[in-house]
Every structure is written in structure tokens, then in C-alpha cells.
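Have your viewer ready with the model loaded, and keep the selection panel within reach. We will walk through it stop by stop.

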Amino acid sequence: MKKIIVLFSILPSFILLFSCNDNNKLTEVVEVPLPTKEEKIVIGSPNDVKADPGSFELTKLTFAYDGLSPALRSLTLETHYSKHYLSYTNNFNKEIVSTEFENMPIEDILKKLDLNNAKLRQNAGGYYNHTLYFNILTPKEQTPKDTLASSINKEFGSFNNLTNQFKGQAEKQFGSGWVWLVVDRYGKLQITTTEDQDNPLMKNALIPGTPILGIDLWEHAYYLDYQNRKGSYIDAFYEHINWERVNEYYIEALKKVKKV
């Protein structure tokens, strides 16, 4: 079912300066005009979004675009999923046609790609990063359980400590990028960051490892909802982490480093 969101386009604000009678000081007056035009934006279904034919497909959302509202509203999620994620997927598939990467697992591509190949680096990273991002979102608030919960308590002291460190790194991240919870080569949980669409599987990773959780800090992920209030977006994202799925990724990552 398609939904209609009503937005208003606003004429540019006017800034006027005038002189006070008493002390001849200038006072700034900001005039904000009333909306002059009504716009209707149709929000569709994530099930209607299809990538062009290629080696990799979009991951399917398990909820509607309004499933995370009001934390992440439908227009933000629809734009992120059906515009940005879709573009990375289509561009990535185009970049690997008739190359050694065409039938290779995405993790292997990220480990082997030439970092000087800007288009492949950006689009392969963009595809992988967004696939993980949308896979670990859920409408219901959760907390870690089972194996992951035990490891968090052991390695961070508590879930609250992990939360504070993860959010702190996200707040400090300058410019576009990501913050990750990864399983490193020794099977330890670590928090790390990358710029642009890089991730910890690439050769330039500060802390190499397998991502099991990642937050998108590009403005397209939150600006429609939060503008410059990045911290509010980080809090909202954290309320909708699918910790059951993160636990599954954790177990898979431990198997790769032979820790289970």
C-alpha cells in the first residue's frame, strides 16, 4: 500500500537589518514566510524495489518503511533504501561484470580489491555496508542475549559500557563514515571506525575484522529526521538494533577465526 506524505516547500528566509532609535545599534530580524506550495510524496513498499540483474541483490526489509517510526521515519528509510542502497547495488554489479569478482563472495571481493580502484571500492563497500545496516534493524527494541551477551560483559565490562563506547565513537566520527562492532582475527570484540564506504574487511582497516554491527553516519541516513542532531539519530538507531541477528553474525564470525 502506498502512503502519501504532505510536505511544504518554503520560500527562502529574509534577513532584514534596521537601526534602533536610542543607541543606533543594528538589530537582526528574521522573517520566515508561510508555506506557499503543498507537495505530495508517495511512499511505496520496500518489496517493490528491485536491483538491476547482476551478481548481487538487495537484502529484503522485514518491515514497512514506517516500521521504525518515529525514530526513523518512512521518508528517511525509503530514501535510504530505495535510492542510496539501490544505487550502490546497481553500480557495484556494473563494476564487476566480466571481471574476476563477478562470481566471488562479497567478503572476498572486499579483501582483495585494489583500493586505488575508486569506483569499485566505493560501490562494493556501499553495497556491503548497507546490506549489513538494513539486516540489523528491527522495529522491536532488544538487548543482547546468549553468547554475544556473555562476550560483551567479559570484554567491555557491561552492555552499558559497550553502548557508551559505541555511541561515543559515533559522535566523534568526523564527516561521512561508519562505526563498527567487529570480531577481530583473535576472536575479540572491538569497536572501530572507517571513512566513506570503507569497512574493516578492506586492506586499509585500522582494526581488521568481521563486522557484526555497523551504523551509517552519512547524512543521507538521518538528515531528513535530525538535521545536525547526529546524537539523536545515534540514540534512535541504537533502539532498533536487532541483537538476535547480531548474535548470529557473531557466531559466524567466531567460526571463521576458529574460536567455536
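Helices and strands on this tour are DSSP runs, a helix having at least four residues and a strand at least two, and they are numbered from the N terminus. Counted that way, the protein chain holds 8 helices and 7 strands. Please bear in mind that this is a predicted model.

**The whole chain**

Start with everything shown. Of the 260 residues in the protein chain, 45% are buried. Take the contacts in the chain with a separation of 6 or more: 65% of them come from residues 24 or more positions apart.

**Strand β5 and its partners**

Now select residues 177–184, which make up strand β5. How many of its residues are buried? The count is 8 of 8, so the strand is mostly covered. Show the side chains next. In a regular strand, side chains alternate between the two faces of the sheet. Here G177, V179, L181 and V183 point one way from β5, while W178, W180, V182 and D184 point the other way. Residues on both sides are buried.

Add residues 189–195, strand β6, which pairs with β5 in the antiparallel sense over 7 bridges. To find one end of that pairing in your view, pick G177 and look across to E195 in β6. The β5–β6 hairpin has 4 residues between the strands, and G187 there takes a positive phi near 85 degrees.

Then bring in β7, residues 209–216. β5 and β7 run antiparallel and are joined by 7 bridges. Two pairs are handy landmarks: D184 has G209 as its bridge partner in β7, and V182 stands opposite P211 in the β7 strand.

With the three strands selected together, you have an open antiparallel sheet in the order β6-β5-β7. Which strands are at the edges? They are β6 and β7, each of which pairs on one side only. On average, neighbouring strands of this sheet are turned by 30 degrees against each other, direction ignored.

Keep the sheet on screen and add helix α5, residues 159–172. The helix packs on the sheet and touches β5, β6 and β7. Its direction makes about 140 degrees with that of β5.

**Helix α7**

Select residues 230–238 next. Why is helix α7 described as largely enclosed by the rest of the structure? Because 7 of its 9 residues are buried. Those to highlight are K230, G231, Y233, I234, A236, F237 and Y238. To see what surrounds them, display α3, α5, β7, α6 (223–226) and α8, against which the buried residues of α7 pack.

**The largest pocket**

Turn on a surface and select E107, Y128, T131, L132, N135, T210, P211, Y249, E252, A253 and K256, which line the largest pocket. Three elements each give two or more residues to this lining: α3 (118–135), β7 (209–216) and α8 (243–256). The space in the pocket comes to about 220 Å³. Colour the lining by residue type and you will find 5 nonpolar, 3 polar and 3 charged residues. P211 deserves a second look, since you met it earlier opposite V182.

**Backbone details**

A few single residues are worth a stop. Zoom in on S69 and P70, which are joined by a cis peptide bond with omega about 5 degrees. P70 sits in the loop between β4 (37–43) and α1 (74–96).

Two aspartates come next. D146 has a phi near 55 degrees, a positive value in a residue other than glycine. D146 belongs to helix α4, residues 146–156, and counts as exposed because its relative accessibility is 60%, over the 50% cut-off. D196 also has a positive phi, near 50 degrees. D196 is in the loop between β6 and β7, and its 38% relative accessibility makes it partly exposed.

**Last stop: T138**

Finish at T138, in the loop between α3 and α4. Is T138 buried or exposed? T138 counts as buried, because its relative accessibility is 10%, under the 20% limit. Leaving aside neighbours within four places in sequence, T138 is in contact with F63, L68, H240, I241 and N242. Try a distance label between the C-alpha atoms of T138 and L68: the two are 70 residues apart in sequence and 7.3 Å apart in space.

Terms used
Residues are numbered from 1 along each chain as its sequence is written. This is a predicted model: local features need pLDDT of at least 70, side-chain atom pairs count only at pLDDT 80 or more; totals for chains, interfaces and linings use all residues. Side-chain values use heavy atoms; hydrogens and water are left out. On a 1 Å grid over the protein atoms alone, a cavity is a set of points where a 1.4 Å probe fits but cannot get out, and a pocket is an open set with protein on both sides within 12 Å along at least five of seven lines; lining residues have an atom within 4 Å of a point. Grid points are joined across faces, edges and corners, and a volume is the space filled by probe spheres set on the points. Ala, Val, Leu, Ile, Met, Phe, Trp, Tyr, Cys and Pro count as nonpolar, Asp, Glu, Lys and Arg as charged, and the others, Gly among them, as polar. Buried means under 20% relative accessible area, exposed over 50%, partly exposed in between (1.4 Å probe, protein chains only). Two strands pair if DSSP finds at least two bridges between them. Axes are lines fitted to C-alpha atoms, for helices over the stretch in contact, and angles run from 0 to 180 degrees between N-to-C directions. Contact means heavy atoms within 4.5 Å.
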